[in-house]
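Visitor: I would like to learn how to read the surroundings of a bound ligand. Could we go through them step by step?

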Amino acid sequence: MACPEKIKEEIRECLVDLDRDCVLEKVDDALSQECSATELVLGPMSEAMQEIGRLYEEGEYFIAELMEAAEIFKEAMKKLKPLLQEEARRRGGGSKIRIVIGTVKGDIHDIGKSLVATMLEAAGYEVIDLGVDVLPEKFVEAVKKYKPHVLAMSALLTSTAKHMKEVIDLLKKEGLRDKVYIIVGGAAVTPGFAEEIGADAYGGTAIDAVSIVKNISRGKSREY
Ligand code: B1M
C-alpha cells in the first residue's frame with residue numbers, strides 16, 4: 001500500500017502551522033499507514049520547511065517561527081531517525097568509505113546536514129560530523145587528520161556558499177585536493193555552482209548524497 005497523499009498533506013499543513021502535537025500525531029498515523037520515514041522526511045516535512053522559508057521571505061513569519069519549525073522538525077526526527085537509519089541500512093551501500101561532513105562558515109543551519117550524516121552513517125559509512133559554522137581551515141585540518149575519502153559540505157545561505165570554494169582552494173594550496181572527493185549540497189547550492197567551484201558532485205537530497213557515495217566505490221568520478 002502506498003503512503004496516502006492525505007496524511008502527507010496533513011503533516012505538511014501541521015508543520016507549516018507550527019502545530020507540534022498535530023505533527024507528532026500525524027507522523028504516528030502515517031507510520032501506521034505504511035508510509036516510510038524517508039518519504040515523510042524528504043517529502044511533506046521538507047516541503048513544509050520550504051513553505052515556512054517562503055512565509056518568512058514574505059514577512060508573514062519571523063525568526064521565532066523558523067526556530068519553532070526547526071524544534072518541531074527535530075522533535076519528529078527523534079521518532080523518525082531510527083526508522084530512517086533502518087531504511088537506509090536496508091537500501092545498503094556500506095564499504096570502508098570515510099566521510100567528513102559539515103555546514104560551512106557563517107551558517108548554522110544543521111537539519112539538512114544532520115539528515116545527510118544520519119543517512120550516510122546508516123548506509124554503513126564512517127561519518128565524522130564537524131557540526132555547523134565550520135571554518136575552511138577546520139575542514140582542511142579534518143582532511144589532514146582523518147584522511148577521508150569524501151568531504152561533504154552543506155550551505156543554506158547564498159552568502160555562505162562561497163566558503164565552499166575557499167575550502168577547495170585551500171585544499172589545492174595544501175596539495176590535498178585530489179586526495180578527497182568533494183560533494184556539496186544544501187538549499188543555496190545548485191549543480192551549476194558545484195561545477196563552477198570545482199566540486200566533484202552535487203547532492204540535491206540526503207538520498208542523492210548516499211547514491212553519490214555508493215557510486216564512488218563503483219568508480220564514478222564526477223556527478224552534477
Ligand atoms: Co534560515 N534561511 N536563516 N533559519 N532557514 C533559509 C535557508 C532561507 C532560504 C529562508 C528564506 O528566506 N526563504 C534563508 C536563506 C536565503 C538565502 O540565503 N538565499 C534563510 C535565512 C535568510 C536565515 C537568516 C539569515 C535569517 C536572519 O537571521 N535574518 C539566519 C541565518 C543564520 C545563520 O546560519 N547564520 C537563519 C536562521 C535560521 C534558524 C536558526 C532560525 C533556522 C535553522 C535552525 C537549525 O537548522 N537548527 C532556520 C530555518 C529553519 C530555515 C528554513 C526555513 C528551513 C531549513 C531546513 O531546516 N530545511 C530555510 C528555508 C529553506 O530552506 N527553503 C531557511 C529542512 C532540511 C531537511 O532541508 O537543509 O535544505 P535542507 O536539506 C535538504 C537538502 O538541501 C539536502 O538534503 C536535505 C534533504 O534531503 N542537503 C544536502 C543539505 N545539505 C546537503 C549536503 C549534501 C547533499 C544534500 O552533500 C554534502
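**Reading the ligand site**

Guide: A polar side-chain atom of Lys 74 lies 3.4 Å from a nitrogen atom of the ligand, which counts as a polar contact, a pair of N or O atoms within 3.5 Å. This is a predicted model, in which local features need pLDDT of at least 70 and side-chain atom pairs count only at pLDDT 80 or more, while totals for chains, interfaces and linings use all residues. Residues are numbered from 1 along each chain as its sequence is written, and side-chain values use heavy atoms, with hydrogens and water left out.

Visitor: Which elements give two or more residues to the shell around the ligand?

Guide: Helices (H or I, at least four residues) and strands (E, at least two) are DSSP runs, numbered from the N terminus. Here the elements are helix 3 (37-57), helix 4 (63-91), helix 5 (111-122), strand 3 (150-154) and strand 4 (181-185), and helix 3 gives the most, with seven residues.

Visitor: Where does the ligand lie with respect to domain 1 and domain 2?

Guide: Domain bounds come from an automatic or database domain assignment. Because domain 1 (5-91) and domain 2 (94-217) both give residues to the shell, the ligand lies between them.

Visitor: Which donor does the protein offer to the cobalt atom of the ligand?

Guide: Donors are N, O and S atoms within 2.8 Å of the metal (3.2 Å for Na, K and Ca), and sites may look incomplete, as water is not among the atoms. The cobalt atom has a single protein donor, His 109 (NE2), 2.3 Å away, and His 109 is placed in the loop between strand 1 (98-103) and helix 5.

Methods. A polar contact is a pair of N or O atoms within 3.5 Å; within protein, one must be able to donate a hydrogen and the other to accept it, and residues adjacent in sequence count only if both atoms are side-chain atoms.
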